[in-house]
Amino acid sequence: MKYALGPILYYWPKQQVEDFYAAAVNSQADIIYLGETVCSKRRELKPKDWLGLAKEIADSGKQVVISTMALLEAPSEVNILRKYCENGDFIVEANDFGAINLLAEAKTPFVCGHALNVYNAQVLQLLVNKGMQRWVMPVELSRDWLVQLQEDSKLLNIRDQFEIEVFAHGHLPLAYSARCFTARSENRAKDDCELCCIHHANGKPVYSQDNKELFTINGIQTMSGYKYNLLNDVASMHDLVDVVRVSPLGDSAFQTLAQFKQAAEQDIKFDLQLDRECNGYWHQIAGLETVSS
């Protein structure tokens, strides 16, 4: 099993991003995803900065993947997408089907991101034929669904042609919208948001009337309030999952990666914060619930 650092989903200052990836080079991550996937107005790092950072990290021996936007709203965003798809050096994570078309045209191998609604082996077969090398399971799917999908992939003789990656830790990206929820929560128009997301390093929590952390808003992204944590479910991933993804929530991501590797190698259990963490989707129950494995 390999371990991946997903792209930073939040808006961090440029120095913080650079410091994070300088530390990531020495982390347990085998794969590091780079790039802005949420909002094109987040321009602390420009495309040339991301590609320059990718080259630096690749020199350390890590596999680098360039991640693309999940929701494109302007021609300028398509131009940036095309630049990434035609980069010539790095595999690309496609979070939009338009990206897959461009990647297939450029004959650039790609990862199918969890933002895409890919739920069955027949679609995976189509994507493999277009150049897909890894599929990131949509976050709402369960282990049972994955088992069945793997069996279906074997029947189509494609299972050995792609890797399976699972989002295993972090706030789950649940939905995307043209509306910016962070701006709206601060009574700002989307076009005049003043980049307020930068003040919320891990998104902005939304509480229910009984004070339960129900959601996290992150620009156009609606995320889970609880952190998804499959740390105690690693044993159930053996012979099923190729790559475990940790979504960065600051420098704590490096410790989390080390814990996942430790859990896989030593089959130990960790204490979960039942009022802040969940693993329901993996067990095919309500997402907010937690199963103590």
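# Exercises: salt bridges, a helix face and two buried residues

Glu 151 has a relative accessible area of 37%, so the residue counts as partly exposed (buried is under 20%, exposed over 50%, partly exposed in between, with a 1.4 Å probe and protein chains only). Before you start: this is a predicted model, where local features need pLDDT of at least 70 and side-chain atom pairs count only at pLDDT 80 or more, while totals for chains, interfaces and linings use all residues. Residues are numbered from 1 along each chain as its sequence is written, and side-chain values use heavy atoms, with hydrogens and water left out.

**Exercise 1.** Work out which residue Glu 151 forms a salt bridge with, and where the two residues lie.

*Solution.* Start with the pairing rule: side chains of opposite charge can pair when their charged atoms come close. Here a salt bridge takes a side-chain nitrogen of Lys or Arg within 4 Å of a carboxyl oxygen of Asp or Glu. Glu 151 pairs with Lys 154, and their closest N and O atoms are 3.7 Å apart. Next, place them: both sit in helix α6 (residues 143–155), three residues apart, or about one turn of the helix. (Helices are DSSP runs of H or I with at least four residues, strands are runs of E with at least two, and both are numbered from the N terminus.) Finally, check Lys 154: at 44% relative accessible area, this residue is partly exposed.

**Exercise 2.** Find out which parts of the chain are tied together by the salt bridge of Glu 163 and Lys 2.

*Solution.* First, the distance: the closest N and O atoms of Glu 163 and Lys 2 are 2.6 Å apart. Then the locations: Glu 163 belongs to strand β7 (residues 163–176) and Lys 2 to strand β1 (residues 2–5), so the bridge ties together parts 161 residues apart in sequence. Now widen the view: Lys 2, Glu 93, Arg 134, Glu 163, Glu 165 and Arg 245 are linked in a network of salt bridges. For the whole structure, the tally is 14 salt bridges.

**Exercise 3.** Take helix α4 and decide how its buried residues are arranged around the axis.

*Solution.* List them first: in α4 (residues 97–106), the buried residues are Ala 99, Ile 100, Leu 102 and Leu 103. Looking down the axis, they fall within an arc of 165°, so they line one face of the helix (the arc is that of the directions from the helix axis to the C-beta atoms). Then ask what they pack against: α3 (75–85), β4 (91–94), β5 (110–112) and α5 (121–130). Last, look at the ends. At the start of α4, a side-chain oxygen of Asp 96 comes within 2.7 Å of the backbone nitrogen of Gly 98. Just after α4, Lys 107 has a positive phi of about 55°.

**Exercise 4.** Say whether Ser 67 and His 200 are buried or exposed, and describe their surroundings.

*Solution.* Ser 67 is in strand β3 (residues 63–67) and has a relative accessible area of 0%, so this residue is buried. The side chains of Ser 67 and Glu 93 share a polar contact of 2.6 Å (a pair of N or O atoms within 3.5 Å; within protein, one must be able to donate a hydrogen and the other to accept it, and residues adjacent in sequence count only if both atoms are side-chain atoms).

His 200 is in the loop between α7 (181–185) and β8 (204–207). At 18%, His 200 is buried too. Leaving out residues up to four places away in sequence, His 200 touches Tyr 10, Thr 182 and Glu 186 (contact means heavy atoms within 4.5 Å).
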